[in-house]
Amino acid sequence: MIGKLTGQLLEKNPPQILVDCHGVGYEVDVPMSTFYQLPATGQAVSLLTHFVVREDAQILYGFATAAEREAFRQLIRISGVGPRTALSVLSGMSVTELAQAVTAQEAGRIVKVPGIGKKTAERLLLELKGKLGADLPALGAAASAVGDAAADIQQALMALGYNEKDAAAALKALPAGVGVAEGIKLALKALAR
């Protein structure tokens, strides 16, 4: 029903945000991977959405990328996995990491996500096999290298005493495909301002 929202970001209270679309404020639940990519409050934001209607609630979920939304939709199709659990999975690991875990059938990586037990992780692997990660060899290596570099840069910044929010903000300002060493230098310059 509601597939995309574009408007002004009014509030950020993880995992929920408030987006003003021409005078109508939409409360949207987002995974942390999307939350860290959001602009500052007052800025324009555009999110792909998934609308869930239940007997007792109507909830809007937002995603920065089509891959995140598709992974969310695949997850909620699995018996015993609701939208909150799917959001938790996407907050705990990237779509690429999830696809790699499914391809390699590594339940241990999924069990690390809070709220996911061994049986649920095994069910996820079984149900997602062939649906998630089939196109991984083509995009996985490059996306994984970029994701690993960003994770390494963020860890280095946090080890130097910056909080997670500042480190994530510095990462957003970096050019795409930057190496770890160069990325750390650029991020430190940006944070020093």
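Tutor: A residue is buried at under 20% relative accessible area, exposed at over 50% and partly exposed in between, with a 1.4 Å probe and protein chains only. The model discussed here is predicted: local features need pLDDT of at least 70, side-chain atom pairs count only at pLDDT 80 or more, and totals for chains, interfaces and linings use all residues. Residues are numbered from 1 along each chain as its sequence is written, and side-chain values use heavy atoms, with hydrogens and water left out.

Student: Is His-22 buried or exposed?

Tutor: His-22 lies in the loop between β2 and β3, where strands (E, at least two residues) and helices (H or I, at least four) are DSSP runs numbered from the N terminus. The relative accessibility of His-22 is 82%, so this residue counts as exposed.

Student: What is the phi of His-22?

Tutor: β2 and β3 form a hairpin with two residues between them, and His-22 is in the turn. His-22 is not a glycine, yet its phi is positive, at about 55 degrees.

Student: Which other residue, in the loop between α4 and α5, has a positive phi?

Tutor: The loop in question lies between α4 (95-104) and α5 (107-111). The residue there is partly exposed, with a relative accessible area of 35%. Its phi is near 55 degrees, and the residue, other than glycine, is Gln-105.

Student: How many bridges join β1 to β2?

Tutor: Strands of a sheet pair through backbone hydrogen bonds, either parallel or antiparallel. Two strands are said to pair if DSSP finds at least two bridges between them. β1 (4-13) and β2 (16-21) form a hairpin with two residues between them, and Asn-13 has Gln-16 in β2 as bridge partner. The two strands run antiparallel, and the number of bridges joining them is five.

Student: Which peptide bond in that region is cis?

Tutor: One of its two residues, Pro-15, is found in the loop between β1 and β2. Omega is near 0 degrees for the cis bond, which runs from Pro-14 to Pro-15.

Student: Which residues does Thr-6 contact, leaving aside neighbours within four places in sequence?

Tutor: Thr-6 lies in strand β1 and counts as partly exposed because its relative accessibility is 47%. Contact means heavy atoms within 4.5 Å. On that basis, the residues in contact with Thr-6 are Cys-21, Val-45 and Ser-46.

Student: In what order do the strands of the barrel run?

Tutor: β2 and β3 (residues 24-29) pair in the antiparallel sense over six bridges, and Ile-17 has Val-28 as bridge partner in β3. β3 and β5 (residues 58-63) pair in the parallel sense over two bridges. The barrel is closed, has five strands with mixed pairing, and runs β1-β2-β3-β5-β4.

Student: Which residue of β5 is the bridge partner of His-50?

Tutor: β4 (residues 44-53) and β5 run antiparallel and are joined by six bridges, with a hairpin of four residues linking the two strands. Five of the six residues of β5 are buried. In β5, Val-28 is partnered by Leu-60, while the partner of Asp-29 is Tyr-61. The partner of His-50 in β5 is Tyr-61.

Student: Which strands does helix α3 touch?

Tutor: Axes are lines fitted to C-alpha atoms, for helices over the stretch in contact, and angles run from 0 to 180 degrees between N-to-C directions. Helix α2 (residues 66-76) lies across β4 and β5, at about 15 degrees to β4. Helix α3 (residues 83-92) packs on the sheet with its direction at about 15 degrees to that of β5, and touches β3, β4 and β5.

Student: How is α2 placed against α3: roughly parallel or oblique?

Tutor: Their axes come within 9 Å and cross at roughly 135 degrees. Angles under 35 degrees count as roughly parallel, over 145 as roughly antiparallel, 65 to 115 as roughly perpendicular and the rest as oblique. The crossing angle therefore makes α2 oblique to α3.

Student: How many residues of the contact of α2 with α3 are charged?

Tutor: The contact is made by Glu-68, Ala-71, Phe-72, Leu-75 and Ile-76 of α2 and Pro-83, Ala-86, Leu-87, Val-89 and Leu-90 of α3. Ala, Val, Leu, Ile, Met, Phe, Trp, Tyr, Cys and Pro count as nonpolar, Asp, Glu, Lys and Arg as charged, and the others, Gly among them, as polar. Nine are nonpolar and none polar, and the number charged is one.
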